[in-house]
Amino acid sequence: MKTPTAELAESSSPESWVERYGDALFRHALFRLNGNKALAEDLVQETLLAAWVGRKEYAGAAREQTWMFGILEHKILDHFRQQKRHPQVYLEDRDGGEDEMEQLLFQADGRWALRPGNWGRNPEYLAEDQDLLQAIQRCFEGLPKAQQMAFMHREWYGEDTACCARLLEVSIGHLAVLLHRARLRIARCLEAYFPQGEVRS
Amino acid sequence: MKRRHFMMTCKEAAQSISRTQDLRLPLSERIGLRMHLLFCASCRQYDRQVRWLHHIFSTVAAPWREARLGDEFKSRLCQQMRRYEAKAGPGEANPEGKRDATDSKSTDQ
């Protein structure tokens, strides 16, 4: 068994950081970069180096994990920008004013103001569709940070609800709210991809 | 007293649709949602979309869920992190680390 001091010492070695965060960052990068392994490795490397050098500034601030994913996401967006693929910012939606999307989508009496379009029936052929994958990525980029983290752990990594809540340090109820908002936004954002519903040539 | 309607609104139904993906809903909420979906085509559509999203994300992400960095890559990275520390020293953090990254790459070769 480890003593607390040993754990503390271990928590600040490069090995422990790479062990603890390396693979998770790598998976995230792979997803965001559509499986480009070399690039994912580069960005993970840059992220861990930057985090390592800057770690003293962050002692005690946000959770290490959230902070590191933030750095990685920043680098991913940088990469896209260099490729002239501008991230889509869907609505002004930083973490404040979170009910914006619900207000937009529903009338005061709770009925849909913008009805969900006719798509979502055919799961098979779409997984091969590169345009769709890109569209989904852009919609993900438009989510507020907390929703991104929630959605990422739950839908991409398939982690169970209780585990996600623990990772994000929120209650299960709040996690469900975050996921609900993320789904509403992503679904709305994808409407643009299916202007005529799902009938595609 | 707050007036309660018998039927869920679409806004509430959308919430419950999402919640079924993550939680075990209380019986009353499950029944309420069923009832609503029976009569509301838009919410049935949204329900479809939410399930579809779940399916797409899990299919797309599946091959990468178990991905791991190679051991060699990891130990090289650790060495690099140590070198960085020596170079930057305490308090002189370069949060981007970019310039240094290219520097150390070129000196490696």
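In the predicted model, M7(B) is partly exposed, its relative accessible area being 30%. The residue lies in the segment of chain B that precedes α1 (10–22). Together with L38(B) and F39(B), M7(B) makes a nonpolar surface patch of about 340 Å².

The association of the two chains was examined next. In chain A, 68 residues are in contact with chain B, which contributes 50 residues to these contacts. Between chain A and chain B an area of about 5,600 Å² is buried, and carbon and sulfur atoms give 64% of this area. On the side of chain A, the residues that lose the most area to chain B are L49(A), V53(A) and R183(A); together they account for 11% of what that side buries.

Polar and charged interactions were also identified across the interface. Between chain A and chain B, 22 residue pairs are in polar contact, with both residues of each pair at pLDDT 80 or more. Six salt bridges are found across the interface of the two chains. A salt bridge joins the side chains of K74(B) and E19(A), with an N to O distance of 3.7 Å.

Several helices of chain A form the side that touches chain B. The elements giving two or more residues to this side are α2 (14–32), α3 (37–53), α4 (55–58), α5 (64–82), α7 (130–141), α8 (145–156) and α10 (172–191) of chain A. The most is given by α2(A), which provides 11 residues to the side of chain A that touches chain B.

Notes:
Residues are numbered from 1 along each chain as its sequence is written. Chains are lettered from A and ligands numbered from 1 in the order in which they are written. This is a predicted model: local features need pLDDT of at least 70, side-chain atom pairs count only at pLDDT 80 or more; totals for chains, interfaces and linings use all residues. Side-chain values use heavy atoms; hydrogens and water are left out. Patches are made of residues with over 30% relative accessible area and no salt bridge: like charges are joined within 9 Å, nonpolar side chains (Val, Leu, Ile, Met, Phe, Trp, Tyr) within 5 Å. Accessible areas come from the Shrake-Rupley method with a 1.4 Å probe; for residues, only the protein chains shown count as cover. A salt bridge is a side-chain nitrogen of Lys or Arg within 4 Å of a carboxyl oxygen of Asp or Glu. Helices (H or I, at least four residues) and strands (E, at least two) are DSSP runs, numbered from the N terminus. Buried means under 20% relative accessible area, exposed over 50%, partly exposed in between (1.4 Å probe, protein chains only). Contact means heavy atoms within 4.5 Å. Buried area is the accessible area (1.4 Å probe) that two parts lose on being put together, summed over both. A polar contact is a pair of N or O atoms within 3.5 Å; within protein, one must be able to donate a hydrogen and the other to accept it, and residues adjacent in sequence count only if both atoms are side-chain atoms.
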